[in-house]
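Biologist: Could you take a close look at a single strand for me, and at what sits beside it?

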Amino acid sequence: MRTIASRDWLFASFMPKPLYGESGNGLHFDISVFKNGADKALFMGPEIEGAISGIMSHIEEMTLFFNTTTNSYHRLGSFAAPRFVSWGGGNNRSQLLLAKRARDGSARLLLRSPDPLCSPYFAYALLIEAAMEGILSKSRPEAPSDFDISRAPAELLSRYRRLPESLGDAVEAARNSAFLRSRIPQAVIDKMLECKSAEWEAYLRAEDRAQFEMSSYFEAL
């Protein structure tokens, strides 16, 4: 991708928010369940509701593994990127989590908050664990938000939880998570918390925060 861009004297960036005032880069995660290849869809009725409930229940504490840099949080809540913990159906792309149904009644789930700097291995593992917890416990989500949440009045939005608003908030949500500790080795969690706490503190101290984020991006490549 970079080679193609450089031919036209451009630079291809996968930072979550490389340009302020412009749409950012997301990495949406699509979840479907099939048996015997694509022969039989298993994501039906109660299973879909359970998966939605499980993911929604743990989304704040998982966010550190979906949005891993200070730059990630400039994207969330701007343009079409989600800010509130909500779900809906169809093509309502203002929602955090979408349930898109097929003609046979099955569905796939689309999580819209992650960005390209996350580890897909950790992200998918946590999504599967959260979804399975909801399915096995037969939990049910709150009613879907079938309206454009990005244009909703403040009074209505006050009813909804918000995703962490900074890397520091995401670190604290993960630090207090029993769910993460039961799914990820403690050594991995400790290292993630140590590194991301240090990154957040360095960001707060930086005189030029935009330059800090750009430098962090290149160091991560």
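Modeller: Sure, let's start with a pairing: strand β4 (residues 87–89) runs parallel to β5, and three bridges join them. For the terms, helices (H or I, at least four residues) and strands (E, at least two) are DSSP runs numbered from the N terminus, and two strands pair if DSSP finds at least two bridges between them. One of the contacts puts W87 with L97 of β5 as its bridge partner. This is a predicted model, where local features need pLDDT of at least 70 and side-chain atom pairs count only at pLDDT 80 or more, while totals for chains, interfaces and linings use all residues. Residues are numbered from 1 along each chain as its sequence is written, and side-chain values use heavy atoms, with hydrogens and water left out.

β5 also pairs with strand β6 (residues 107–111), this time in the antiparallel sense, over five bridges. There, A99 of β5 stands opposite L109 in β6. As for burial, four of the five residues of β5 (residues 97–101) are buried, so this strand is largely enclosed by the rest of the structure. Buried here means under 20% relative accessible area, exposed over 50%, and partly exposed in between, with a 1.4 Å probe and protein chains only.

The cysteines can be put on that scale too: C118 is buried, at a relative accessible area of 7%, whereas C195 is partly exposed, at 38%. Their sulfurs are 16 Å apart, too far for a bond, given that a disulfide is a pair of cysteine sulfur atoms within 2.5 Å.
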